[in-house]
Amino acid sequence: MRKLFLALLPSLLAAFLPAPAAAAGFSNWAVMVVAGDDHAHSGARSQVFDNARRDLVKAFEGIGFSPDNVEQFSLDPDKDAEETTVTHLANGLWDLSNRAPGGCLIYFTSHGAYNSGIVVGNGMLNPDTWSKIVNNACGSKPAVIVMSACFSGQFIPSLAGDNRMVFTAARPDRTSFGCGESDHYTFFDGCFLQSLPQSGDFPGLADKVKDCVSRQEQALGVDYASEPQLAIGQNILPMLKWR
C-alpha cells in the first residue's frame, strides 16, 4: 500500500499545485512595452516611465510571456530598448506579431493630453493612428492593451473589440497621478506592478489595480479621481488567465 501511495504521489501533488504560467498559452504572444516620454509633468527629466517599462517586462516574463517575444521602446534607449518613435512602434509591432502570432500584449506608459492622445517624445499619438497601428499588426488576434496616461480613456472606443481587453489609467476627461520628478512609478503603473503577483488573470488584476489607485488618490486628497477604465470583449475572457 505504501509503495502504491508513493507511486501516485506525483499525480496527487499535481492535482493540488497551480499549473505553470506557460500553460496559459502566453508563450507565443507578442509583448510590446513602451515608455513614451522621459520627463516629469514639470518638464524636468525623469525615469518614471522607464522604471515601469523595465520592471513590467520582468513581471510579464514571470507569468509566462517569453523573453524572446518582448520588445521595449524608450526615449532613452538602452541595450534592451529601441527608440520610441511612431514609425518604430508600427514596424516593431508588425514584426513582433508575425514572429509571435498567438496574441498581443501592449503596455504604453507616458503623459497624455485631453482629446489629443498619448505623448511620444515631442509629439502626440492620437487614438485613431494608434488603433490603425494595432489593428494592422494584431488584427483579430487576442490582445491585452494597457494605456497608462492622463485622459487615456479616450483610446477605448478605437481599440476595443470582441477579442480584446483594453485597460486605461484614467477616464477620457480625467488626469492620472504620480508622474512627478520624485516618483519612481506613476500611481497606475505602481499599482499594476504591485497587484500582478497577487492575481491570476487580467480581469482580476484590473480590479486590484483600480482599488489600489483609488486608495492612493484618496490618501493624496485629489479633487477628481482618475477612474481607470476597462473594456473586455466577449470572446477573450477564457484566454486571460495565467493560473
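**Strands, burial and a cavity: how the terms are earned**

Me: In β8, which residue is the bridge partner of phenylalanine 108?

Reply: The bridge partner of phenylalanine 108 in β8 is methionine 147. The model is a predicted one. Tyrosine 107 likewise stands opposite a residue of β8, namely valine 146.

Me: What makes β4 and β8 a pair of strands, and in which sense do they run?

Reply: Two strands pair if at least two bridges are found between them. Strand β4 (residues 103–109) and strand β8 (residues 143–148) have six bridges, in the parallel sense. The criterion is therefore met. On β9, β8 has a further partner: five bridges join the two strands, which run parallel, and isoleucine 145 has valine 166 of β9 as its bridge partner.

Me: What is the order of the strands in the open sheet of seven, and how are they paired?

Reply: The order is β3-β2-β1-β4-β8-β9-β10, and the pairing is mixed. At the edges stand β3 (81–83) and β10 (229–232); each has a single partner strand, so one side of each is left without a neighbour in the sheet. On average, neighbouring strands of this sheet are turned by 15° against each other, direction ignored.

Me: Why are β5 and β7 called edge strands?

Reply: They belong to an open sheet of three strands, in the order β5-β6-β7, with antiparallel pairing. Each of β5 (112–113) and β7 (123–125) has a single partner strand, so one side of each is left without a neighbour in the sheet. Strand β6 (residues 117–120) is joined to β7 by three bridges, running antiparallel, and valine 119 stands opposite methionine 124 in β7.

Me: How do you know that β8 is mostly covered?

Reply: The count settles the matter: six of the six residues of β8 are buried. Ala143, Ile145 and Met147 point one way from β8, while Val144, Val146 and Ser148 point the other way, and all are buried.

Me: How many residues of helix α6 are buried, and what do they pack against?

Reply: In helix α6 (residues 187–195), eight of nine residues are buried. They are Phe187, Phe188, Asp189, Gly190, Cys191, Phe192, Leu193 and Ser195. These buried residues pack against α2 (48–62), β4, β8, β9 and α7. Helix α7 (residues 202–220) itself lies across β4, β8, β9 (164–168) and β10, and runs at about 10° to β9.

Me: Why is serine 97 called buried?

Reply: Buried means under 20% relative accessible area. Serine 97 has a relative accessible area of 0%, so the term applies. Serine 97 is found in helix α3 (residues 86–99). Not counting residues up to four places away in sequence, serine 97 touches Ala30, Cys104, Ala137 and Lys141.

Me: Why is threonine 175 called partly exposed?

Reply: The relative accessible area of threonine 175 is 32%. Partly exposed lies between the limits of 20% and 50%, so the term is justified. Threonine 175 is found in the loop between β9 and α6. Leaving out residues up to four places away in sequence, threonine 175 touches Cys150, Phe151, Ala170 and Ser226. The C-alpha atoms of threonine 175 and serine 46, which are 129 residues apart along the chain, are separated by 18 Å.

Me: What makes the phi of phenylalanine 151 noteworthy?

Reply: Most residues other than glycine have a negative phi. In phenylalanine 151, phi is positive, near 60°. Phenylalanine 151 is placed in the loop between β8 and α5 (156–159). With 15% relative accessibility, phenylalanine 151 counts as buried. Glutamate 227 also is not a glycine and has a positive phi, of about 55°. Glutamate 227 is placed in the loop between α7 and β10, and with a relative accessible area of 35% it is partly exposed.

Me: How many cavities of 30 Å³ or more are counted, and which residues line the largest cavity?

Reply: The count is one cavity of 30 Å³ or more. About 40 Å³ of space lies in the largest cavity. The lining consists of Phe49, Ser110, His111, Ala149, Cys150, Ser176, Phe177, Gly178, Cys179 and Thr186.

Me: What is the make-up of the lining of the largest cavity, in nonpolar, polar and charged residues?

Reply: Five residues of the lining are nonpolar, five are polar and none is charged. Gly counts among the polar residues and Cys among the nonpolar.

Terms used. Residues are numbered from 1 along each chain as its sequence is written. This is a predicted model: local features need pLDDT of at least 70, side-chain atom pairs count only at pLDDT 80 or more; totals for chains, interfaces and linings use all residues. Side-chain values use heavy atoms; hydrogens and water are left out. On a 1 Å grid over the protein atoms alone, a cavity is a set of points where a 1.4 Å probe fits but cannot get out, and a pocket is an open set with protein on both sides within 12 Å along at least five of seven lines; lining residues have an atom within 4 Å of a point. Grid points are joined across faces, edges and corners, and a volume is the space filled by probe spheres set on the points. Helices (H or I, at least four residues) and strands (E, at least two) are DSSP runs, numbered from the N terminus. Axes are lines fitted to C-alpha atoms, for helices over the stretch in contact, and angles run from 0 to 180 degrees between N-to-C directions. Contact means heavy atoms within 4.5 Å. Buried means under 20% relative accessible area, exposed over 50%, partly exposed in between (1.4 Å probe, protein chains only).
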